[in-house]
Amino acid sequence: VRRSGGTGLSNDTAYGAPGPGRNRGLVSAGPACGASPVKRVFDLVLAIFATLVLALPIGLIALVIRLTSPGPALYGSDRVGRGNRIFRMPKFRTMRLGTPAVATHLLDDPHSYLTPVGGFLRRTSLDELPQLWSIVRGHMSFVGPRPALFSQDDLIELRTRRGIDALLPGLTGWAQVNGRDELPIPDKVELDAEYLARRSFGFDLHILWLTLMRVLRGDGVSH
């Protein structure tokens, strides 16, 4: 069994996943928690609006990545979604081609693998912008547990035991605004479970506001 043993940030070269749409084979500890109609409408409207408003910056970021580093601007990371089903999550590429396919914190010197603009994109969370498409498609929500890498067996198992896998993964979440990259996995799962118990539209708005504040300050990003 592969253990992630830490924060589990993707290194942009995740391969060997079970494949999009396939279930991890774990049994959920709780009932499915489908997004409420209000939450789904909010996600869809905000994601489409944000995509239109940010279309130019998104295009410029893609261009800068292509000009400063060989390889594509985007990459697809196989992640674990609701019900432990694998989906392909898009991100802007922040690591050089040929980076070992392990979580970032497991690399000997993560900074040496970053593209010229990779560190900036991660600090500002701009590498996450392509996930607006995942929200439009219904694979993600704006707020929920951050989607685990397909190889993070310890995180996936702990979340499944607590019924957290019944939630849609989020662009941000309660754990993100309470530590982000700095949290050990057990603490992250506890915060995810707290979100499961407290989830509401008002709580989601509170988390989105805290996320904006943390991003503007660059808090909690280790690589």
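# Pocket, core and sheet

Guide: By class, 16 nonpolar, five polar and three charged residues make up the lining of the largest pocket. The model is a predicted one.

Visitor: What makes a residue part of the lining of a pocket?

Guide: A lining residue has an atom within 4 Å of a point of the pocket. For the largest pocket there are 24 such residues, and Leu 129, Leu 171, Thr 211, Leu 212 and Val 215 are the closest to its centre. The space in this pocket is about 750 Å³.

Visitor: Which elements give two or more residues to that lining?

Guide: They are helix 1 (37-53), strand 5 and helix 8 (201-217). Helix 8 has the largest share, with seven residues.

Visitor: Why is Thr 172 called buried or exposed?

Guide: Its relative accessible area is 5%. Buried means under 20%, and so Thr 172 is called buried. Thr 172 belongs to strand 5, which covers residues 170-172.

Visitor: How do you know what Thr 172 is in contact with?

Guide: Contact requires heavy atoms within 4.5 Å. With neighbours within four places in sequence left aside, the residues that Thr 172 contacts include Phe 142, Val 143, Ile 207 and Thr 211.

Visitor: What makes a set of residues a nonpolar core?

Guide: The members are buried residues of certain kinds, Ile, Phe, Trp and Tyr among them, joined through side-chain atoms within 4.5 Å. The largest such core has 29 residues; those touching the most other members are Phe 142, Ile 164, Trp 174, Tyr 195 and Ile 207. Helix 7 (185-198) is among the elements that give two or more residues to this core, and its six residues are the most from any element. Another core, of seven residues, lies apart from this one and includes Ala 73, Phe 92, Val 117 and Leu 121.

Visitor: What is Trp 174 in contact with, leaving aside its neighbours within four places in sequence?

Guide: Among its contacts are Leu 191, Tyr 195, Phe 203, Ile 207 and Leu 210.

Visitor: How do you know that strand 1 and strand 4 pair?

Guide: Pairing takes at least two bridges. Strand 1 (residues 74-80) and strand 4 have two bridges, in the antiparallel sense, so they count as a pair. Val 80 is opposite Ala 148 of strand 4.

Visitor: Which strands stand at the edges of the sheet, and why?

Guide: The open sheet has three strands in the order 2-1-4, with antiparallel pairing. Strand 2 (86-92) and strand 4 (148-149) each have a single partner strand, so each has one side without a neighbour in the sheet; these two are the edges.

Terms used: Residues numbered from 1 in each chain as written. Predicted model: local features only at pLDDT ≥ 70, side-chain atom pairs only at ≥ 80, totals over all residues. Heavy atoms only, no water. Helix = DSSP H or I, 4+ residues; strand = E, 2+ residues; numbered from the N terminus. Buried < 20%, exposed > 50% of the residue type's maximum accessible area, 1.4 Å probe, protein only. 1 Å grid on protein atoms, 1.4 Å probe; cavity = no way out; pocket = protein on both sides within 12 Å on 5 of 7 lines; lining within 4 Å. Points joined across faces, edges and corners; volume = space filled by probe spheres on them. Nonpolar A, V, L, I, M, F, W, Y, C, P; charged D, E, K, R; others polar.
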